[in-house]
Amino acid sequence: MLLDIDELYEELDYTDNVMEIGKNYARLADGKLYSLSWENNVEYFWYHKDLFEQAGITETPKTFDEFLQVCQQLKDAGITPIATWPGWESYRWMAFIPYRLTGNEYIDSLKTGEASFGDDAGIQAAEFFQTLGTEYFQPGWSTSDYTNALETFMSSNAAIYYIGSWQFSSFLDENGEIKDDYGYFKLPTTEGAVNGETAMFANAGTGTCVNKEKYDDQLKDFLQYVLENYPNVAFNESNTLPPMTFEAEGGMSQFWQSVVEDCESMEDYAKTWDVTLDAATVETLSRESTNLGMGEITPEEFAERMDSALQANVSE
């Protein structure tokens, strides 16, 4: 038996200290929460201001159509538009448009087999990803990894890099403000979107469950100590944004204030495909998304292969 975390927060008089994503990211379909969350990861598109300027780009994209136009302008200027890698990062790129069109309805329906990768949202996602993979990702992206993609961006060999708050410190100065060369923008929108700018990809990381049978006064005191001290240590010493209220040593930079405001105003957050779908389907997604992004299969073929995997795994 696992300890009810809502009840734990109430017992420790800690509920008001926890941000919404910390309360709800790990909440189950039945409304129960059994996991303590330790991270508050929001995700932005980072870019090199000087490379945008070289390509004549004066505004960051607000829609996905504008995003593709920006990528083409960069490419026309001889600049690699995007640094990325296969795996969970690829799934983010595929999930952007379905999330704007349906919120989490599409991925939730995929999980149960009620939706298809061949649905309109799925085909739009596949077409968008294939365009990026064949036209705008860095050469060799399909064999890249997290570290290589980050280095490609940091060395100005690509203009755009999508990543979460765990990596933000790479783009900040010693005062926690954005270095002069960098800028960021949020998830673009599209025609027919059901959500706005304050809905984005975010997560609370891997949580901690508590064995209810082992919960006693000693463990209660320990958890209270951790919850009271962890948030400040996480932010001030580890550059980790916690899902609880915290105090920044020497005050909070303007940039981090804006990030916290985004977290507090977040109307909804997208469920990640690699966490929501079953492991066997994700394994197929890993292989076939790379094939799709390399232009080796069509969006329709991708949908057929993914639906076959999905139905086989949902029925098991």
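Start with the aromatic rings: this predicted model holds 47 aromatic pairs. Select Trp-38 and Tyr-230 to see one of them, an edge-to-face pair with 5.1 Å from centre to centre and 75° between the planes. Follow the chain away from each ring and you will find that the two belong to distant parts of it, 192 residues apart. Trp-38 sits in the loop between helix 2 (20–24) and strand 1, while Tyr-230 belongs to helix 9. Switch on a surface and compare the two residues: Trp-38 is buried, with a relative accessible area of 15%, whereas Tyr-230 is partly exposed at 22%.

Now move to Phe-45 and Phe-96. This aromatic pair is tilted, with 55° between the planes and 5.5 Å centre to centre. Phe-45 is in strand 1 and Phe-96 is in helix 5 (residues 88–102), so the pair ties together parts that are 51 residues apart in sequence. Are these two rings buried or exposed? Phe-45 is buried, with a relative accessibility of 1%, and Phe-96 is buried too, at 0%.

**Strand 5 and its partners**

Next, select strand 5, residues 199–203. Here 5 of its 5 residues are buried, so hiding the surface will help you look at this strand, since buried means under 20% relative accessible area. Which way do strand 1 (residues 41–48) and strand 5 run? They are antiparallel, and 2 bridges join them. To find this pairing in the viewer, pick Asn-41, whose bridge partner in strand 5 is Asn-203. Then look for strand 6 (residues 268–270), which runs parallel to strand 5 and is joined to it by 3 bridges. Phe-201 is a good landmark here, as it stands opposite Ala-270 in strand 6.

**Three loop residues**

Go on to Ser-144, in the loop between helix 7 (120–136) and helix 8 (146–154). Ser-144 is buried, with a relative accessible area of 15%. What does Ser-144 touch, leaving out residues up to four places away in sequence? Its contacts are Thr-84, Trp-85, Pro-86, Gln-138 and Ala-149.

A little further along is Ser-156, in the loop between helix 8 and strand 3 (160–164). Check its backbone: phi is near 65°, a positive value in a residue that is not glycine. Most residues other than glycine have a negative phi. Ser-156 is partly exposed, with a relative accessible area of 30%.

Asn-239 is another residue with a positive phi, about 55°, although it is not a glycine. Look for Asn-239 in the loop between helix 9 (217–238) and helix 10 (254–265). With 39% relative accessibility, Asn-239 is partly exposed.

**Two pockets**

Stay with Asn-239 for a moment and open up the view around it. The second largest pocket has a volume of about 270 Å³. Of its 15 lining residues, the closest to the centre are Asn-175, Gly-176, Phe-235, Asn-239 and Trp-256. Colour the lining by class and you will get 5 nonpolar, 7 polar and 3 charged residues.

Finish at the largest pocket, with about 580 Å³ of space. To centre your view, select Tyr-25, Ala-26, Arg-27, Lys-271 and Val-275, which are the closest to its centre among the 23 residues that line it. Which elements give two or more residues to this lining? They are helix 6 (105–112), strand 6 and helix 11 (273–276). By class, the lining of the largest pocket has 9 nonpolar, 9 polar and 5 charged residues.

Key. Residues are numbered from 1 along each chain as its sequence is written. This is a predicted model: local features need pLDDT of at least 70, side-chain atom pairs count only at pLDDT 80 or more; totals for chains, interfaces and linings use all residues. Side-chain values use heavy atoms; hydrogens and water are left out. Helices (H or I, at least four residues) and strands (E, at least two) are DSSP runs, numbered from the N terminus. Buried means under 20% relative accessible area, exposed over 50%, partly exposed in between (1.4 Å probe, protein chains only). Contact means heavy atoms within 4.5 Å. Two strands pair if DSSP finds at least two bridges between them. On a 1 Å grid over the protein atoms alone, a cavity is a set of points where a 1.4 Å probe fits but cannot get out, and a pocket is an open set with protein on both sides within 12 Å along at least five of seven lines; lining residues have an atom within 4 Å of a point. Grid points are joined across faces, edges and corners, and a volume is the space filled by probe spheres set on the points. Ala, Val, Leu, Ile, Met, Phe, Trp, Tyr, Cys and Pro count as nonpolar, Asp, Glu, Lys and Arg as charged, and the others, Gly among them, as polar. Rings of Phe, Tyr and Trp (its six-membered ring) pair if their centres lie within 6.5 Å; planes under 30 degrees apart count as stacked, over 60 as edge-to-face and the rest as tilted.
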